[in-house]
Amino acid sequence: MIQRVRVTSPQTRLAQRRGADAMGRLSHLAGRPAIPSSAIDLEAAERALRRQRRLAVRTALALGAALAALLAAAALVPGRLGWAVLFFAPYPVLLALAAVHVRRAERVEDDHAPDGP
């Protein structure tokens, strides 16, 4: 007989435990069992979460700037070539931004990963 096991990441467990703390700190919600402090380092998880939020904001700002630059380039290029810029140029830009974002997000996770299994 195969037993089903629910597997979640530490980030998911932290998000589910997030309370209405005025300072935005992670806290225990009523009715849920507390995870032992030895199982997860809350301070390290909060630092990782803050770094990932800052990374997401920077990526969103870079995306906005890149799309604005593409619109300006399309406006400066005459005729159908401007339309070609709008149709084809965003995809490589999006791919490059996504690749950089994923690489940096993985680096944040690696910096805050627990040492043991």
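Helices here are DSSP runs of at least four residues, numbered from the N terminus. With that in hand, the predicted model can be read from its overall layout down to a single leucine and the helices around it.

The chain contains four helices and zero strands, and its elements run α-α-α-α from the N terminus on. Of its 117 residues, 15% are buried. Among contacts with a separation of 6 or more, 51% are accounted for by residues 24 or more positions apart.

A convenient place to step inside is leucine 86, which belongs to helix α3, spanning residues 79-88. Leucine 86 has a relative accessible area of 29%; because this value lies between the 20% limit for buried and the 50% limit for exposed, the residue counts as partly exposed. Once neighbours within four places in sequence are left aside, the contacts of leucine 86 are with Leu70, Leu71 and Ala74. Another leucine, at position 67, lies 19 residues away along the chain, and its C-alpha atom is 9.3 Å from that of leucine 86.

Leucine 86 also takes part in the meeting of α3 with the helix that follows in the numbering, α4. Helix α4 covers residues 90-111, and the axes of α3 and α4 come within 5 Å, crossing at roughly 30 degrees. Because angles under 35 degrees count as roughly parallel, α3 is described as roughly parallel to α4. On the α3 side the contact is made by Val85, Leu86, Phe87 and Phe88, and on the α4 side by Pro90, Tyr91 and Pro92. Sorted by class, this contact has seven nonpolar residues, with no polar and no charged ones.

Helix α4 itself deserves a closer look. Its 22 residues reach 31 Å from the first C-alpha to the last, close to the 32 Å expected at 1.5 Å a residue. Pro90, Ala105 and Val108 are the buried residues of α4. Seen down the helix axis, these buried residues fall within an arc of 50 degrees, so they line one face of α4. As general background, an α-helix has 3.6 residues a turn, so residues three or four places apart point the same way. The cover over the buried residues of α4 includes α3 and also α2, which spans 42-76. Turned away from that buried side, the other face of α4 carries the exposed residues Pro92, Leu95 and Asp110. Pro92 thus appears in two settings: on this exposed face and in the contact with α3.

Key. Residues are numbered from 1 along each chain as its sequence is written. This is a predicted model: local features need pLDDT of at least 70, side-chain atom pairs count only at pLDDT 80 or more; totals for chains, interfaces and linings use all residues. Side-chain values use heavy atoms; hydrogens and water are left out. Buried means under 20% relative accessible area, exposed over 50%, partly exposed in between (1.4 Å probe, protein chains only). Contact means heavy atoms within 4.5 Å. Axes are lines fitted to C-alpha atoms, for helices over the stretch in contact, and angles run from 0 to 180 degrees between N-to-C directions. Angles under 35 degrees count as roughly parallel, over 145 as roughly antiparallel, 65 to 115 as roughly perpendicular and the rest as oblique. Ala, Val, Leu, Ile, Met, Phe, Trp, Tyr, Cys and Pro count as nonpolar, Asp, Glu, Lys and Arg as charged, and the others, Gly among them, as polar. The expected span of a helix is 1.5 Å times one less than its number of residues. The arc is that of the directions from the helix axis to the C-beta atoms.
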